[in-house]
Amino acid sequence: MPVAGLGPYDAHNVFARILRGEIPCRKVYEDEHALAFHDINPQAPIHVLVIPKTPYVSLADFAASAPPPAIAGFFQAVAKVAKQLELEDPGYRILANMGADAHQEVPHFHVHIFGGRPLGPMLQQF
Ligand code: 5GP
């Protein structure tokens with residue numbers, strides 16, 4: 001079910017539970033700002049999610065409320081993860097769904113990293 005990208009933050013969402021270690025994930029990277037792990041339902045040969053360690057519902061919430069060093073650290077982590085996955089040479093796509101029209105499903109801000117094959121046009125035709 002899509003969620004609104006605006007608060008309040010639900011501390012029981014699945015990514016909050018992953019951050020607390022209550023449910024497992026296939027971790028690929030972690031630093032002080034971010035945790036990255038494989039998506040449970042991959043849409044490409046490589047499909048990794050990068051999440052901030054702090055509780056923000058969406059990009060809108062993160063950009064409005066996170067301290068600038070946390071925002072910088074998070075996006076540096078996204079690029080580091082893609083590099084670690086050896087996606088820089090072939091290329092990759094990042095995506096963040098915000099709110100209902102984008103079909104955001106998990107109300108904890110996250111960036112998807114897709115790669116491992118040519119990804120085609122940016123959006124499905126509508
Ligand atoms: P959204 O639509 O919110 O941008 O994407 C949420 C993503 O989280 C989906 O791609 C979905 O497959 C993934 N996801 C949902 N629950 C879990 C989970 O428990 N573990 C992992 N690793 N990914 C999940």
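A residue counts as buried when its relative accessible area is under 20%, as exposed when that area is over 50%, and as partly exposed in between. With these limits in hand, E22 can be placed: at a relative accessible area of 45%, it is partly exposed, because that value falls between the two cut-offs. The structure discussed here is a predicted model, and the report goes through its charged pairs, its largest pocket, the surroundings of its ligand and a few backbone details.

## Charged pairs

Side chains of opposite charge can pair when their charged atoms come close. In this model there are four salt bridges, and three of them are set out below.

| Residues | Closest N to O distance |
|---|---|
| R17 and E22 | 3.4 Å |
| K27 and E30 | 2.6 Å |
| E30 and K53 | 2.9 Å |

E30 appears in two of these rows, since its side chain meets that of K27 and E30 also forms a salt bridge with K53. The pair of E30 and K53 links distant parts of the chain, for E30 belongs to strand β1, which covers residues 27-30, whereas K53 sits in the loop between β3 (46-52) and α2 (59-65), and the two are 23 residues apart. Both ends of this link are partly exposed, as E30 has a relative accessibility of 39% and K53 has one of 31%.

A network of salt bridges is found elsewhere, where shared partners join R17, R20 and E22. Within this network, R17 counts as partly exposed at 33% relative accessibility, and E22, its partner at 3.4 Å, is partly exposed too, with 45%.

## The largest pocket

What surrounds the space of about 1200 Å³ in the largest pocket? The lining of this pocket consists of 34 residues, and those lying nearest its centre are Q43, H47, N97, H112 and F114. Several elements give two or more residues to the lining, namely the helix α1 (14-19) and the strands β2 (34-38), β3, β4 (93-95) and β5 (111-115). Among the elements, α1 supplies the largest share, which amounts to three residues. When the lining is sorted by the character of its residues, 19 are nonpolar, 10 are polar and five are charged.

## Around the ligand

There are 17 residues around the ligand, and D39, N97, E105, H110 and H112 come nearest to it. Two of these names, N97 and H112, have already been met among the residues nearest the centre of the largest pocket.

Which backbone atoms lie 3.1 Å, 2.7 Å and 2.9 Å from an oxygen atom of the ligand? For H103, a backbone N or O atom lies 3.1 Å from a ligand oxygen, and for E105 a backbone N or O atom lies 2.7 Å from one. For V106, a polar backbone atom is 2.9 Å from an oxygen atom of the ligand.

## Backbone details

Most residues other than glycine have a negative phi, and most peptide bonds are trans. Against that background, a few places in the model deserve a careful look. The peptide bond that leads from G7 to P8 is cis, with omega near 0°, and P8 itself lies in the segment before α1.

Two residues that are not glycine have a positive phi, which is about 60° in E86 and about 65° in H103. E86 is located in the loop between α3 (68-84) and β4, and its relative accessibility of 65% makes it count as exposed. H103, which also has the backbone atom 3.1 Å from a ligand oxygen, is found in the loop between β4 and β5 and is partly exposed, with a relative accessible area of 42%.

## Two buried residues

The segment before α1 also holds N13, which is buried, with a relative accessible area of 4%. The side chain of N13 is joined to that of Y9 by a polar contact of 3.1 Å.

A second buried residue is F37, in strand β2, whose relative accessibility is 2%. F37 and R20 are 17 residues apart along the chain, and their C-alpha atoms are separated by 14 Å. R20 is also one of the residues in the salt-bridge network described earlier.

Key
Residues are numbered from 1 along each chain as its sequence is written. This is a predicted model: local features need pLDDT of at least 70, side-chain atom pairs count only at pLDDT 80 or more; totals for chains, interfaces and linings use all residues. Side-chain values use heavy atoms; hydrogens and water are left out. Buried means under 20% relative accessible area, exposed over 50%, partly exposed in between (1.4 Å probe, protein chains only). Helices (H or I, at least four residues) and strands (E, at least two) are DSSP runs, numbered from the N terminus. On a 1 Å grid over the protein atoms alone, a cavity is a set of points where a 1.4 Å probe fits but cannot get out, and a pocket is an open set with protein on both sides within 12 Å along at least five of seven lines; lining residues have an atom within 4 Å of a point. Ala, Val, Leu, Ile, Met, Phe, Trp, Tyr, Cys and Pro count as nonpolar, Asp, Glu, Lys and Arg as charged, and the others, Gly among them, as polar. A residue is near a molecule or strand if one of its heavy atoms lies within 4 Å of it. A polar contact is a pair of N or O atoms within 3.5 Å; within protein, one must be able to donate a hydrogen and the other to accept it, and residues adjacent in sequence count only if both atoms are side-chain atoms.
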